Amino acid sequence: MYTIYGIKNCNTMKKAFTWLDEHHINYQFHNYKTDGLSEALLDTLLQLVDWQNLLNTRGTTWRKLDEAVRAQIDNEQAAKKIMLANPSILKRPLLIDGKRALLGFSDPLYSQFISQAK
């Protein structure tokens with residue numbers, strides 16, 4: 001079983017949902033906005049994905065942060081604090097099969113990720 005993490009209204013998430021549905025892949029969706037992001041869940045995600053990769057520094061949530069706050073995010077603990085306070089700052093989608101994680105979306109990457117699980 002796969003779990004996909006993200007925010008429902010994100011265009012990239014919609015592409016990932018469509019791909020999974022079209023390929024008849026069963027998955028659970030964890031919406032950061034409605035299901036939340038606990039410290040325990042974030043720790044689990046960070047065991048699979050490096051904090052620098054998980055932190056979306058190109059999105060609007062990042063750009064809305066004060067410059068001084070952004071400058072202080074130079075280690076995992078600082079990043080975790082920002083991620084927990086602003087879950088929409090996590091890159092998405094994040095697809096997990098229990099042992100492996102795939103961050104972002106592209107048709108070839110999803111095809112490869114799913115085929116390696118079989």
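The dialogue below walks through a predicted model, from its sheet to its helices and rings.

Biologist: Where do I start with the sheet, and what is the order of its strands?

Modeller: Start with the model as a predicted one. For a sheet, list the strands in the order in which they lie side by side. Here the open sheet has 4 strands in the order β2-β1-β3-β4, and the pairing is mixed. The edges are taken by β2 (27–31) and β4 (101–103); each has a single partner strand, so one side of each is left without a neighbour in the sheet. On average, neighbouring strands of this sheet are turned by 20° against each other, direction ignored.

Biologist: In which sense do β1 and β3 pair, parallel or antiparallel?

Modeller: Strand β1 (residues 2–6) pairs with strand β3 (residues 94–96) in the antiparallel sense, over 3 bridges. One residue to look for is Ile 4, which stands opposite Leu 95 in β3.

Biologist: Which strands does helix α1 touch?

Modeller: For a helix on a sheet, ask what it touches and how it is directed. Helix α1 (residues 11–22) packs on the sheet and touches β1, β2 and β3. The direction of α1 makes about 165° with that of β1. Helix α3 (residues 39–48) also packs on the sheet, where it touches β1, β2, β3 and β4. The direction of α3 makes about 85° with that of β3.

Biologist: How do I read the faces of a helix such as α8?

Modeller: An α-helix has 3.6 residues a turn, so residues three or four places apart point the same way. In helix α8 (residues 107–117) the buried residues are Tyr 110, Phe 113 and Ile 114. Seen down the axis of α8, these fall within an arc of 95°, so they line one face of the helix. The face turned away from that buried side carries the exposed residues Pro 108 and Gln 116.

Biologist: What covers the buried residues of α8?

Modeller: The cover includes β1, α1, β3 and β4. Look also at the start of α8, where a side-chain oxygen of Ser 106 reaches to within 3.2 Å of the backbone nitrogen of Leu 109.

Biologist: Take a single residue, His 30. Does His 30 count as buried or exposed?

Modeller: Compare the relative accessible area with the cut-off, which is under 20% for buried. His 30, in strand β2, has 17% relative accessibility and therefore counts as buried. A polar atom of the side chain of His 30 lies 2.7 Å from the backbone oxygen of Gly 36. Leaving out residues up to four places away in sequence, His 30 touches Thr 3, Ile 4, Tyr 5, Gly 6, Asp 35, Gly 36 and Leu 41.

Biologist: How many aromatic pairs are there, and how do I tell their types apart?

Modeller: The count comes to 6 aromatic pairs. For the type, read the angle between the ring planes. Phe 17 and Tyr 27 are stacked, at 5.9 Å centre to centre with 15° between the planes. This pair links distant parts of the chain, with Phe 17 in helix α1 and Tyr 27 in strand β2, 10 residues apart. Phe 17 is buried at 14% relative accessibility, whereas Tyr 27 is partly exposed at 23%.

Biologist: What type of pair do Phe 105 and Tyr 110 form?

Modeller: Their ring centres are 4.7 Å apart and their planes stand at 70°, so the pair is edge-to-face. Phe 105 counts as partly exposed at 23% relative accessibility, while Tyr 110 is buried at 0%.

Biologist: Which residues do ring pairs link into a cluster?

Modeller: The cluster consists of Phe 17, Tyr 27 and Phe 29.

Methods:
Residues are numbered from 1 along each chain as its sequence is written. This is a predicted model: local features need pLDDT of at least 70, side-chain atom pairs count only at pLDDT 80 or more; totals for chains, interfaces and linings use all residues. Side-chain values use heavy atoms; hydrogens and water are left out. Two strands pair if DSSP finds at least two bridges between them. Helices (H or I, at least four residues) and strands (E, at least two) are DSSP runs, numbered from the N terminus. Axes are lines fitted to C-alpha atoms, for helices over the stretch in contact, and angles run from 0 to 180 degrees between N-to-C directions. Contact means heavy atoms within 4.5 Å. Buried means under 20% relative accessible area, exposed over 50%, partly exposed in between (1.4 Å probe, protein chains only). The arc is that of the directions from the helix axis to the C-beta atoms. A polar contact is a pair of N or O atoms within 3.5 Å; within protein, one must be able to donate a hydrogen and the other to accept it, and residues adjacent in sequence count only if both atoms are side-chain atoms. Rings of Phe, Tyr and Trp (its six-membered ring) pair if their centres lie within 6.5 Å; planes under 30 degrees apart count as stacked, over 60 as edge-to-face and the rest as tilted.
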